[in-house]
Amino acid sequence: MTAYTLSVVQLCPDAYREQANAIAAAYGYGDGNLSVELRHADGSTWWGCHAWWMPSALAVALDPPEEVPGAAEVTAHVVTSVVDREAVPEAEREGLPLRHWLQALSANNLSVPEPADD
Amino acid sequence: MRFQSQRPTGRLFPGRRRPLALGFNPRSLFRGGEQGFFYDPSDLSTLFQDWAGTTPVTAVGQSAGLMLDKSKGLARGAERLETGVPAMAGVSDLAEYNASTGAGTAYRSDQYNQSFVNIPGLSMTSWYFVDVTNTGANTLSVRADLASGAAFFSVPAGQRRAGFARNVTTVVITSDADVSGVAFTVNSVRSVAGNHQSISVPASRPILRQNAITGAYYLETDGADDYMVSAPIDFTGTDKVSIFAGIRQLSNAARAMLFELSAAGAAGSFALNAPISAGGGYAFISTASSGVLATLPPTAAPRNSVLSMRASISGDLVSISENGAAPVVNTADQGAGNYGNHALYLFRRGGTKLPWAGHFYGLIGVGRLTSAAETANTERWLARRVGVTLA
């Protein structure tokens, strides 16, 4: 069974977003994953995403293959926060992705800017 | 007995018994050929893990990159494989294609010198289910054209694979490698009617879960980056719409958008804010030239809701009700004209902001005002899935 049991939040400074997205695509995880624009407390722009991963994908992301040029350097600038849903009591699983996302933003002094035209 | 549920009972007829909705299928709302959409994640045959639709969703805990629309019955169009022709780019001229059997070969010297099979004459507004068996030793791709770069999907050597091509006038079948020939058979190329929802960004896919009490499947969105979007849906033939949503709202801490026709409040659009603001209520908006809102009182989250929304531009009507209660109605003037030809976004405004966090059990929208019986039946159909007792 293909089970995506890991709640994963990834956060990345603007300078590394393009490379991080390209590396994810090179791994076969698709393009444009870092899609949420974020604001750091210091005023800089970051990007983020939340996804469900299989445990095998986490191992690759944290220890990228040498054949992907620059992957190790870029990965060092990407904050990856992981929560294993299976380890969370069943009664607390509802809303886990949103709680995880907001906690990861807060822990890294990040917030979602208010939409300007709404 | 099948039509027992069609009796006009329910909240619009106080004092009468609400119908059981046994045997009712929301597909019947579209029997007149009305424009609309019917998304039903409890029907796993409509869900695929990838944007191209090559891998079905078969179990909870799998992400959904494609959700088919059932409003048009997933009707298949005419077989197109006989329209295929060999084609070439650059110096190659080796491709072969048998339009009767679908058997062919693809060649590639380099990206500029290829011969391939071209299936032309497709409609930009349709989706096509393309089924190919690769009998060669190298990977094939099903693409929009040679220059586009991105493939709809690949067909590995020795395998049969089917998926969707969309929003193109031609589909080409090419070799991925610089090889002298890859043999294949096109088994079928047929349109599949509907306003299907998809998302190509893997991290933005919602995930399938199951309600332990009702047994219904639903899509869980993360409130961060999940969303789906359709091709433009042509509502220009009507100024009326009835929409029904079954959801569990997990947060009302910030404004969020459950669905929106257009990227952001265009003329001829409608949308559901869920909620309209931090701590606010659900708000349905219909816009011709002026947006008019029908807003329910603020409510706590999490919350199970079956929402019923109606709008008529010429009739100065925008209404919303929750769980069968009396509707909130706004009769302000929305302007004139019909709805537009816009993409329908789910779970995130324009795919970029106002993300919605919750459980999505279904969404049904039809380009007319439904009858009292249809409204009651559809609400009940959704309520059974969400686990709501209607008023």
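Let me begin with helix α2 of chain A, which covers residues 55-62, and in which A:Ala57, A:Leu58 and A:Ala61 are buried. Looking down the axis of α2(A), one finds these buried residues within an arc of 105 degrees, so they line one face of the helix. As background, an α-helix has 3.6 residues a turn, so residues three or four places apart point the same way. I should say at this point that what we are looking at is a predicted model.

What do the buried residues of α2(A) pack against? Their partners in chain A are the strands β1 (6-13), β3 (45-53) and β4 (79-84), together with the helix α3 (71-75).

Please keep strand β3 in mind as we turn to the contact between the two chains. Chain A brings 24 residues to that contact, and chain B brings 28 residues. The size of an interface is often given as the accessible area lost when the parts come together. Here the area buried between chain A and chain B is about 2000 Å², and carbon and sulfur atoms give 49% of it.

How many salt bridges are there between chain A and chain B? The count is 1, and the side chains that meet in a salt bridge are those of A:Glu94 and B:Arg248, at 2.7 Å from N to O. There are also 6 residue pairs in polar contact between chain A and chain B, counting pairs with both residues at pLDDT 80 or more. On the side of chain A that touches chain B, β3 and α4 (96-107) each supply at least two residues, and β3(A) gives the most, with 4 residues. Sorted by class, that side of chain A has 12 nonpolar, 7 polar and 5 charged residues.

Let me now move on to the salt bridges more broadly. Side chains of opposite charge can pair when their charged atoms come close. Over all chains, the count comes to 13 salt bridges, and I will go through some that lie within chain B.

One of them joins B:Arg160 to B:Asp131, with the closest N and O atoms 2.6 Å apart. This pair links distant parts of the chain, since B:Arg160 sits in strand β11 (residues 160-166) of chain B and B:Asp131 in strand β8 (residues 127-134) of chain B, 29 residues apart. Are the two partners buried or exposed? B:Arg160 counts as exposed because its relative accessibility is 55%, whereas B:Asp131, at 10%, counts as buried.

In another salt bridge, the side chains of B:Asp239 and B:Lys240 meet at 2.9 Å, N to O. B:Asp239 is buried, with a relative accessible area of 10%, while B:Lys240, at 27% relative accessibility, counts as partly exposed.

Next come B:Glu260 and B:Arg349, whose side chains meet in a salt bridge at 2.8 Å, again N to O. B:Glu260 lies in strand β20 (residues 257-261) of chain B, and B:Arg349 in the loop between β28 (344-346) and β29 (357-366) of chain B, so this pair ties together parts that are 89 residues apart in sequence. B:Glu260 counts as buried at 2% relative accessibility, and B:Arg349 counts as buried at 9%.

I will finish with B:Glu34, B:Arg368 and B:Glu374, which are joined into one network by salt bridges that share partners.

Key: Residues numbered from 1 in each chain as written. Chains lettered and ligands numbered in written order. Predicted model: local features only at pLDDT ≥ 70, side-chain atom pairs only at ≥ 80, totals over all residues. Heavy atoms only, no water. Buried < 20%, exposed > 50% of the residue type's maximum accessible area, 1.4 Å probe, protein only. Arc of directions from axis to C-beta. Contact = heavy atoms within 4.5 Å. Buried area = accessible area lost by both parts, 1.4 Å probe. Salt bridge = Lys/Arg side-chain N within 4 Å of Asp/Glu carboxyl O. Polar contact = N/O pair within 3.5 Å; in protein donor to acceptor, adjacent residues only side chain to side chain. Nonpolar A, V, L, I, M, F, W, Y, C, P; charged D, E, K, R; others polar.
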